[in-house]
Amino acid sequence: MSEIALTMPDGSVRPFARGGTGADLAADISRSLAKRAVAIRVGGALRDLAEPLTEDGAVEIVTRDDPDGLDLIRHDAAHALAEAAKELYPEIQITIGPVIENGFYYDFSRAEPFTPDDLARLEERMREIVDRDELIAREVWDRDEAARFFEGEGEHYKAEIIRSIPSEEPITLYRQGGFLDLCRGPHLPSTGRLGKAFKLMSVAGAYWRGDHRNEMLQRIYGTAWRTEKELRAYLERLEEAERRDHRRLGREMGLFHLQEEAAGSVFWMPKGWTLFRVCEDYMRMRLDANGYVEVKTPQLLDRALWEASGHWEKFREHMFVAEAAEDRLFALKPMNCPGHVQIFKQGIKSYRDLPLRMAEFGACHRNEPSGALHGIMRVRAFTQDDAHIFATEDQVTAETERFCALLTSIYADFGFEDVLVKFSDRPEVRAGEDGVWDKAETALLDAVNAAGLEVELNPGEGAFYGPKLEFVLRDAIGRDWQCGTFQVDFVLPERLNATYVDESGERRRPVMLHRAILGSFERFIGVLIEHYAGRFPLWLAPVQAVVATITSDADDYARAVCARLREAGLRAELDLRNEKIGYKVREHSVAKVPVMLVVGRREAEQGTVALRRLGSQQQEMLAVGDSIHTLSEEAAVPSRGR
RNA sequence: GCCGCGCUAGCUCAGUCGGUAGAGCAGCCGAUUUGUAAUCGGCAGGCCGCGGGUUCGAAUCCUGCGCGCGGCACCA
């Protein structure tokens, strides 16, 4: 029997009997490793531990503690779920069950809906399967035989998957106990290795193969971890996310409300609208300082303009239409671009006017599908921080760089330092010449790299009218939100006949750059609420300070203090109610007011305030003037980038 | 839009077998003048999402619609 030379992760070379398995290798190395081993990496590819090793090369034993080990656990949890489901409900069909972030799911076809009781039964059965510690074995099958087998079992989806697997790929099945599933693998050596740190979370509908024209399957979501401790930590993170939910905080903090007569539109209450205005004023200040001009364009525009822009044909379904007398049809604008082009076209533009950066806090309406609505994050009426930059092709690079700098500085001011960029280049079906695309794509990529941003490529995902950048920010608990966007458009200036006169007196088409930083104020404020869990930094807080009295003796003094805070531009409120100070403190703490100024007889006599910050147990005695000075400074709108 | 689940007081929720509805908190009123996360007492509050049906009788059963929630699909 010959030997092969295996290169271990530490660089050492180990002779090994040809045909021995990963499990043998682990056992050779140490008993503890043999116990912990769940798979093996051979030349970079993850394999089953039971697979014979036949060639020289780099190998690495994978344990449960490796990132890959966690994926194996999740994948096996999906198989255990499918096995449990087949045992409990033999009439169902199984389809696919991949690993996803934090866990796994499995899609089933079954006439009856799964109930919460079913989930509990399935989870119980999964635990039994772990206890049975069934060997998980890989089998290579003949394609037709495998398809016949699954058809015979009534598993038509599996047979369909087999028929769609490229003919050069082997058909592998994994057997655990009496259960056989089509799967590429690899898997853990046995179901006992899965452990029990998993939980079935929910049932949901999902289209077969993700296509809405296909039948709907039942998807069971689960989460799976290496240890109970990790599982608990994950469940706690979910609870934390729920506590931060902007819909809940919006109600509790009196920021906004939603009601069914205006599904998808926000009723901003005074405090929420204050927050909105603070964000808008801040954005206006930044845009003014960055060479933008602000405009306002009509909400309702004649159908003819939407036909000319191409929206009527492509997006009619999503537009709200208003009928007027004399048979005229108007549409509520779903976007601001056509309006901005109309302003651009007033008078003849020279190359000297470019780049022209035209901004609008534009209220747009889109008839989003009912299932898409989500709090204030996904709505039908929203306000974009929109702008269109009319530029020459040569100006695209500089404008993109300028935009990236502005965007990162604004995100940083709002407390987001972590920004990811997704770059989408030319799709199959597109307008414009390849040379122009080359130029635009290069311009975007260069600018993003120059800004030092992390880029993810989405090949072929660009709009038909040009390539685009999407800016994703990461919040305090690690969730990603797409907010900013930057799109190059070669088409709209053409369709709406926008031109400028170049150096030699020729009429030319400008390039239009569509861009937004917050995306929509509604969505961005939703993200802000969740990011800060409602505990806003002072400059954003709708109520920055409450002046609260201990006894009514201090009422006049409290009024005077509050008036001074307001004169200094602070958003202060007065609480003179006949309540104990402990009660007032609790109430304003629950309302997440960042600062309380408590005044009683002592403060009134000394001209001081007892300043207490949200979340802190202590207070600070300060002269009124000093407290105002401190708070004003802290409440100043961030000036980064100015 | 699709699948599933839900909708009871401002909020969170209970409501048995079909017999015309309950709690806590919030609110209002009164007492209390209080020193840093809940003072005490009282009162008021409901088209049980909306419409139709079954029934002597419907919050409860059936049905249509609306809205919400979790996903899927969508996101110019």
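# Reading a predicted protein–RNA model

User: Where does Gln-544 lie, and why is Gln-544 called buried or exposed?

Analyst: Gln-544 lies in the loop between helix H16 (521-532) and strand S30 (545-549), where helices (H or I, at least four residues) and strands (E, at least two) are DSSP runs numbered from the N terminus. This is a predicted model, in which local features need pLDDT of at least 70 and side-chain atom pairs count only at pLDDT 80 or more, while totals for chains, interfaces and linings use all residues. Residues are numbered from 1 along each chain as its sequence is written, chains are lettered from A and ligands numbered from 1 in the order in which they are written, and side-chain values use heavy atoms, with hydrogens and water left out. Buried means under 20% relative accessible area, exposed over 50%, and partly exposed in between, with a 1.4 Å probe and protein chains only. Gln-544 has 3% relative accessibility, and therefore counts as buried.

User: What does Gln-544 touch, not counting residues up to four places away in sequence?

Analyst: With contact meaning heavy atoms within 4.5 Å, Gln-544 touches several residues, including Trp-539, Leu-570, Val-593 and Ala-635. Leu-538 is also one of the residues that Gln-544 touches, and the backbone oxygen of Leu-538 lies 2.8 Å from a polar atom of the Gln-544 side chain. A polar contact is a pair of N or O atoms within 3.5 Å; within protein, one must be able to donate a hydrogen and the other to accept it, and residues adjacent in sequence count only if both atoms are side-chain atoms.

User: Why is Lys-158 called buried or exposed, and which side chains make polar contacts with the side chain of Lys-158?

Analyst: Lys-158, which is found in helix H6 (residues 156-164), has a relative accessible area of 3%, so Lys-158 is buried. Its side chain makes a polar contact of 3.3 Å with the side chain of Tyr-106, and another polar contact, of 2.6 Å, joins the side chains of Lys-158 and Asp-181.

User: What makes S9, S10 and S11 a sheet, and which are the edge strands?

Analyst: Two strands pair if DSSP finds at least two bridges between them, and S9 and strand S10 (residues 171-176) pair in the antiparallel sense over 6 bridges. In S10, Leu-173 is the bridge partner of Glu-139. The 3 strands form an open sheet in the order S9-S10-S11, with antiparallel pairing; strand S9 (136-141) and strand S11 (179-182) are the edge strands, as each pairs on one side only.

User: Which residues come nearest to RNA strand B, and how many residues are around the strand?

Analyst: A residue is near a strand if one of its heavy atoms lies within 4 Å of it. There are 51 residues around RNA strand B, of which Arg-366, Ser-370, Asn-578, Arg-586 and Glu-603 come nearest. A polar side-chain atom of Ser-370 lies 2.4 Å from a phosphate oxygen of RNA strand B, while a polar side-chain atom of Tyr-221 lies 3.1 Å from a sugar or linking oxygen of RNA strand B.

User: Which element gives the most residues to the surface near RNA strand B?

Analyst: H18 gives the most, with 7 residues.
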